[in-house]
Number of protein chains: 2
Amino acid sequence: MRYDEAMQRTDFGAMACSIARTLDVIGEPWSPLILRDVWVGMNRFEQLQSDLGISRKVLTERLNHLVEHGVLERRPYDNRPRHEYHLTEKGTDLVDVLMVMVRWGDTWLAGEAGPPVLYRHHACGEISSVDLRCSGCGEPMHAGDIDVLPGPGAAA
Amino acid sequence: MRYDEAMQRTDFGAMACSIARTLDVIGEPWSPLILRDVWVGMNRFEQLQSDLGISRKVLTERLNHLVEHGVLERRPYDNRPRHEYHLTEKGTDLVDVLMVMVRWGDTWLAGEAGPPVLYRHHACGEISSVDLRCSGCGEPMHAGDIDVLPGPGAAA
DNA sequence: TCGCAGAGTCTCTTCACGGAACTCGAAAGG
DNA sequence: CCTTTCGAGTTCCGTGAAGAGACTCTGCGA
């Protein structure tokens, strides 16, 4: 088993589980927050570092890890060794996970003060939040609404 | 700033961000996988330990943390010091996050073998996956479809 | 040529994870 | 009645990762 240099210890990437594999990419501390910041337009190392208060060493490690996994891309600017980080398509897709985290945090952890941020949906112009629906029939789809069956990529 | 005993280092829970607060609850290594296992019916300590291959010490810490945060509840059984862990309503709601992780992992990381598990939706009986929709208008809602605005609980 | 700013590297300390052995309490078994 | 078993942790130790901050390197701009 090959060990990636940035890993907690156990190799989640090798497990036959999409949750574990996803955690292998963004399961380390700070990674989701880095993604959030890049999403809302913080694209440079210094911005990220000072906004998050993360150690420069760890930020470097996380950015490299995310770039290696194709979630972020490093783009030069200004004709000198300057880079910006941007979401790839794969990374943009990952923001879905963040949006659902936001919903849960807003619902269960925000308390009196209310949610720290609001989302305005372009299509309808309303302040709203995300909702999980079945990609087939369009009805709500949550933990209790499904059966989990072994798929083609199941472990032996 | 009070430090919880089970924490990476930086106190995500104190940040004015629902992602960070959510990470404070399930951001530690293994927590999402523990949730997954409890969700699919692994409710006892020994089951979880042997299924995940997690250290018993860490499993104890995680379970306590999740119980403290009201995501799991500890239920006695068998009239002796035996416990089972079950999802609370708050915890069941968190599974939404896992379902979206699964979708991303299935799409981007599953490779040739295909997804390790499949979901059958009770409402329609079809094998399908989750889709993010606007809770207002019902149209798709992803990273690029929204504006992010400061909310009532924003930082000073 | 000096200084500066962005983007990292290096080093050191502290703490958390992994692994394995040990404990504890209730029932079952001889 | 004494011992074993089993579930559910607890304790201990060694290593590796996070945090903090100082240092480096590169190319421009004054």
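Two strands are taken as paired if DSSP finds at least two bridges between them. In this predicted model, that criterion is met between chains: strand β3 (residues 117-121) of chain A is joined to β6(B) by five bridges, and the two strands run antiparallel. Within this pairing, Tyr119(A) lies opposite Val148(B). Arg120(A) has Asp147(B) as its bridge partner in β6(B), and Leu118(A) is matched there with Leu149(B).

Strand β3(A) also pairs within its own chain. Two bridges connect β3(A) with β4(A), again in antiparallel fashion, and the bridge partner of Tyr119(A) in β4(A) is Ser128(A). Tyr119(A) thus has a partner in β4(A) and stands opposite a residue of β6(B). The two strands of chain A form a hairpin with five residues between them, and Gly125(A) in the turn adopts a positive phi of about 80 degrees. Taken together, the three strands make an open sheet in the order β4(A)-β3(A)-β6(B), with antiparallel pairing. The edges are occupied by β4 (127-128) of chain A and β6 (146-150) of chain B; each has a single partner strand, so one side of each is left without a neighbour in the sheet. In general, strands of a sheet pair through backbone hydrogen bonds, either parallel or antiparallel.

A further hairpin is found in chain A. Strand β1 (residues 72-76) of chain A is joined by five bridges to strand β2 (residues 83-87) of chain A, and the two run antiparallel. Leu72(A) has Leu87(A) as its bridge partner in β2(A). Six residues separate β1(A) from β2(A) in this hairpin, and Asp78(A) in the turn has a positive phi of about 70 degrees.

Chain A as a whole contains five helices and six strands. From the N terminus on, its elements follow the order α-α-α-α-β-β-α-β-β-β-β. The C-alpha atoms of chain A fill a box of roughly 50 × 50 × 30 Å along the principal axes. Of the 156 residues of chain A, 38% count as buried. Among the contacts in chain A with a separation of 6 or more, 34% are between residues 24 or more positions apart.

The contact between the two protein chains takes 73 residues from chain A and 73 residues from chain B. On the side of chain A that touches chain B, at least two residues each are supplied by α1 (18-26), α2 (31-39), α5 (89-108), β3, β5 (130-134) and β6 (146-150) of chain A. Helix α5(A) gives the most to this side, with 17 residues. By class, the side of chain A that touches chain B comprises 42 nonpolar, 18 polar and 13 charged residues.

The corresponding helix number in chain B was also examined. Helix α5 (residues 89-108) of chain B has 20 residues, which at 1.5 Å a residue should span 28 Å; its end C-alpha atoms are 30 Å apart, which agrees. Helix α5(B) is mostly covered, with 15 of its 20 residues buried. The largest nonpolar core has 70 residues, and those with the most contacts inside it are Val97(A) and Val97(B). Apart from neighbours within four places in sequence, Val97(A) is in contact with Val97(B), Val100(B), Met101(B) and Trp104(B).

Trp39(B) is located in helix α2 (residues 31-39) of chain B. With 19 other C-beta atoms within 10 Å, Trp39(B) is partly exposed, because a residue counts as buried if 20 or more such atoms lie within that distance. Not counting residues up to four places away in sequence, Trp39(B) touches Ala143(A), Leu87(B) and Val95(B). Trp39(B) and Met141(B) are 102 residues apart in sequence and 26 Å apart in space, C-alpha to C-alpha.

The surroundings of DNA strand C include residues of both protein chains. Of the 25 residues around DNA strand C, those that come nearest are Arg9(A), Arg44(A), Arg56(A), Lys57(A) and Arg80(B). Two or more residues of the surface near the strand are given by each of α3 (45-52) and α4 (56-68) of chain A and α4 (56-68) of chain B. The most is given by α4(B), with four residues. By class, the surface near DNA strand C has 11 charged, eight polar and six nonpolar residues.

Terms used: Residues numbered from 1 in each chain as written. Chains lettered and ligands numbered in written order. Predicted model: local features only at pLDDT ≥ 70, side-chain atom pairs only at ≥ 80, totals over all residues. Near = placed C-beta within 6 Å. Nonpolar A, V, L, I, M, F, W, Y, C, P; charged D, E, K, R; others polar. Contact = placed C-beta atoms within 7 Å. Expected span 1.5 Å × (residues − 1). Buried ≥ 20, exposed ≤ 12 C-beta atoms within 10 Å, placed from the backbone. Core = buried A, V, L, I, M, F, W, Y, C linked by C-beta atoms within 7 Å.
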